[in-house]
Amino acid sequence: MPSKRSTRIAEPLLGGPEGIHLASAGAQFRRGQAYIFAGILGLMTFLALALQGPCLSSGYEQPSASARMCAGPLSMAFLGKVNPEEALGRSQGGMAGLSAIDARFVQLLKLVTDDVSVFMAFVLIINVIAFAALGVALLVLARQRAWLVAAFASPVILFTLGSTLDPVALALSVWAMVIFVGSSPVTQRPWLAGVLLGIAAFINPLALLVLLALSLTGPRPAGRLRPRDPRMMLAAATITSALILVIDSSAIDRIVHWMTDAVDGGSFASILVMARLGTAEVWAPVWIIGSAGVIAAVAISLYMVRRTGLDPAVAACLLIGGCLLLAPGMMPWDSLWILPFLALAVRRWWILITWALAETAFAIAIHLGDVAAIEPDKGLEPVFIALLTLLRLLTLIAVVICAGENLYRRRIRGRLVPVEPPRRVDDVEGKTSGQEHGNPT
């Protein structure tokens, strides 16, 4: 009997090539798993609503709203307030700091009601629907669902449900990916994916990185996805963006304002400002240029290696993670963008758990920092906020490294693989030996 390495014998148990001891999960198992994940997402959403409950009854007044972890840019903009100047490392915020669609949404609701609690009730309803749509998109997109629990049970949901409309933009972006790759049972429509990404970009420009990821992976996708021509998607996104710019001419002014008030919590720039090593006006252009350089470097690297196939989720995770690493601001609603692609691209539980803990600690710290800026005898000192911010950034570096490591290992299938009869171990060994120098599936 020929000798076999212990790792080769244990491959079926370790998640290796499918052999006589490893079979594809049936439809009934996957359906039950989807119901469990939906229940987990529903539980996290309910806890996020419970977190917003005290602020709904108290009118989102500061500093109690930050102390209760339910303050956000939308509620402050509706009340006409800005972040206190004593909060070092934070942007000014207010209505001028909102994105084009967020600002129009606030202005529209002000015509309906003057009660901030009623306004935030509308925000919470919309974001709950957005998280539900995001969950459905992930279940459609991913064939291996076990890792999606990192997205469905993420504590980031707790701290972003009532902050901005980023859950809506993220849901649109992930659905654009589903529509572009044509994951069963969704029909592939590149023009619709471009429209969704064009709208999402005016809520958060990070949607443009999802557009870039799909453009790079479309012609040469990984796994069993069929090649897609991204030109129709790019044209639809361009036309949609042009129409929004024509309808809302303030979008350009908001971009200019953001360039001058870009330094916000969670970034290396905010740590420097908290340490009083320069001002936000000085550091903002430096870190914006640095972040743009990282995006360009990652995009060029992905383009150079795409001949062997690119995973769209891994490409999006690398682009968004690289952008946020040197971005002048990285608040919880910004890191929300990496969450679904992280769950699709990284299969290391310790990274997923560490990221969740780092996000939780930072979200609590940034709120308590705002409390300290209003009432100095309460809240959290800037040195502790800077320390937790640094730990969070180091965790982000680990996330990007693991996503890059899994660039060729993680695949998104467009459709389920049909169940085949068990194969002999010799056939499996012959297949894997022929793939040692190729692209793993």
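How many of the 15 residues of helix H16 are buried? Keep that in mind while we look at the whole chain. What you have here is a predicted model. The chain holds 21 helices and zero strands, and buried residues account for 51% of its 441 residues. If you take the contacts in the chain with a separation of 6 or more, 77% of them join residues 24 or more positions apart.

Now back to H16, which covers residues 312–326. The count is 14 of 15 buried, so this helix is largely enclosed by the rest of the structure. Its length checks out too: at 1.5 Å a residue, 15 residues should span 21 Å, and the end C-alpha atoms sit 22 Å apart, which agrees. Have a look at the start of H16 as well, where a side-chain oxygen of Asp311 comes to within 2.9 Å of the backbone nitrogen of Ala313.

Helix H9, residues 166–181, can be read in a similar way. From first C-alpha to last, H9 reaches 23 Å, close to the 22 Å you'd expect for its 16 residues at 1.5 Å each. H9 is mostly covered, with 13 of the 16 residues buried. Just past its end, Gly182 adopts a positive phi of about 70 degrees.

One residue to click on in H9 is Trp175. Is Trp175 buried or partly exposed? Its relative accessibility is 23%, and buried means under 20%, so Trp175 counts as partly exposed. Leaving out residues up to four places away in sequence, Trp175 touches Ala133, Val136, Ala137, Val186 and Leu196. Leu134 is 41 residues from Trp175 in sequence, yet their C-alpha atoms are 7.4 Å apart in space.

Finally, let's turn to a pair of helices. Two packed helices are described by the angle between their axes and the distance between those axes. For H19 (residues 349–374) and H20 (residues 382–405), the angle is about 150 degrees and the axes are 9 Å apart. Angles over 145 degrees count as roughly antiparallel, so that is the label for H19 and H20. Residues from both helices make the contact: on H19 they include Ile351, Trp355, Phe362 and Ile366, and on H20 they include Ile385, Leu388, Leu396 and Val399. Smaller names turn up in the list as well, among them Ala358 and Gly369 of H19 and Ala398 of H20. As for handedness, H19 passes H20 in a left-handed crossing.

Conventions:
Residues numbered from 1 in each chain as written. Predicted model: local features only at pLDDT ≥ 70, side-chain atom pairs only at ≥ 80, totals over all residues. Heavy atoms only, no water. Helix = DSSP H or I, 4+ residues; strand = E, 2+ residues; numbered from the N terminus. Expected span 1.5 Å × (residues − 1). Buried < 20%, exposed > 50% of the residue type's maximum accessible area, 1.4 Å probe, protein only. Polar contact = N/O pair within 3.5 Å; in protein donor to acceptor, adjacent residues only side chain to side chain. Axes fitted to C-alpha atoms, helices over the stretch in contact; angles between N-to-C directions. Parallel < 35°, antiparallel > 145°, perpendicular 65-115°, else oblique. Left-handed = near helix turned anticlockwise from the far one by under 90°. Contact = heavy atoms within 4.5 Å.
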